[in-house]
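Hi,

Here is the structure I promised to send over. Have a look at it first, and then read my notes underneath.

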Amino acid sequence: MPDLPPDEGFKSLIAEPNETNEAFRLHWPPHDVQATAACRKRWNHPAAGELEFEPIVLQPSARPGWKRTVYSATPSAAERIRGLAAAGHQTS
């Protein structure tokens, strides 16, 4: 596996596909994908209040115009989302 940014969220994002998906495992290392810093996003949910998400922006160096953003809930937001799901609220 290539060197990863010192971000545990990023490492956990690719850990499962790296272990379970042969195609991912074979194709991930040759691609120089850089994670870039970005600010947190906040959304106001009517039942849960303000939810905060940390983005990971992936940009392949060979394709500077391409990027993908993955939003991961902060621990407090994740707990509130789990509470909504347990109470039967719509979470999407």
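Below is what turned up when I went through it, starting with the overall layout and ending with a few single residues.

One thing to keep in mind is that this is a predicted model.

**The layout**

The protein has 3 helices and 4 strands. If you walk along the chain from the N terminus, the elements come in the order α-α-β-β-β-β-α. Of its 92 residues, 18% count as buried. The protein exposes about 6,800 Å², and carbon and sulfur atoms supply 51% of that area. As for how the chain folds back on itself, take the contacts between residues at least 6 apart in sequence: 34% of them join residues at least 24 apart.

**Two strands side by side**

Try finding S2 and S3 in the viewer. These strands run antiparallel, and 5 bridges join them. A hairpin makes the connection from S2 to S3, through 3 residues. For one facing position, look at Asn44, which stands opposite Glu50 in S3.

**The nonpolar core**

Which residues make up the largest nonpolar core? There are 5 of them: Ala48, Leu51, Phe53, Ala77 and Leu84. Strand S3 (49-60) and helix H3 (75-86) each supply at least two residues of this core. As general background, nonpolar side chains in soluble globular proteins tend to be buried together. Leaving out residues up to four places away in sequence, Ala48 touches Arg80 and Leu84.

**The aromatic rings**

This is the part I'd zoom in on. A pair of aromatic rings is described by the distance of the centres and the angle of the planes, so those are the values to look for. The count here comes to 2 aromatic pairs.

In one pair, the ring centres of Trp43 and Phe53 are 4.9 Å apart and the planes are at 65°, so the pair is edge-to-face; the cut-off for that label is over 60 degrees. Trp43 lies in strand S2 (residues 41-45) and Phe53 in strand S3, so the pair ties together parts that are 10 residues apart in sequence. Are these two buried or exposed? Trp43 counts as partly exposed, at 43% relative accessibility, while Phe53 counts as buried, at 14%.

In the other pair, Trp43 meets Tyr71: their ring centres are 5.6 Å apart with the planes at 80°, so this pair is edge-to-face too. Tyr71 sits in strand S4 (residues 68-73) and Trp43 in strand S2, so here the parts tied together are 28 residues apart in sequence. Tyr71 is partly exposed, with a relative accessible area of 38%. Put together, the ring pairs link Trp43, Phe53 and Tyr71 into a cluster.

There is also a charge over a ring to look at: Arg63 lies over the face of Trp66, at 4.5 Å from the ring centre.

**A buried loop residue**

Last stop: where is Thr74? You'll find Thr74 in the loop between S4 and H3. Its relative accessible area is 4%, so Thr74 is buried; the cut-off is under 20%. What does Thr74 touch, not counting residues up to four places away in sequence? The list is Arg40, Glu52, Phe53 and Glu54. Phe53 has come up before, as a member of the nonpolar core and of the ring cluster.

Have fun clicking around!

Cheers

Note on methods: Residues numbered from 1 in each chain as written. Predicted model: local features only at pLDDT ≥ 70, side-chain atom pairs only at ≥ 80, totals over all residues. Heavy atoms only, no water. Core = buried A, V, L, I, M, F, W, Y, C linked by side-chain atoms within 4.5 Å. Buried < 20%, exposed > 50% of the residue type's maximum accessible area, 1.4 Å probe, protein only. Contact = heavy atoms within 4.5 Å. Phe/Tyr/Trp six-rings, centres within 6.5 Å; stacked < 30°, edge-to-face > 60°. Lys NZ or Arg CZ within 6 Å of the ring centre and 35° of its normal. Areas by Shrake-Rupley, 256 points an atom, 1.4 Å probe, with all protein chains shown as cover. Pairing = 2+ DSSP bridges.
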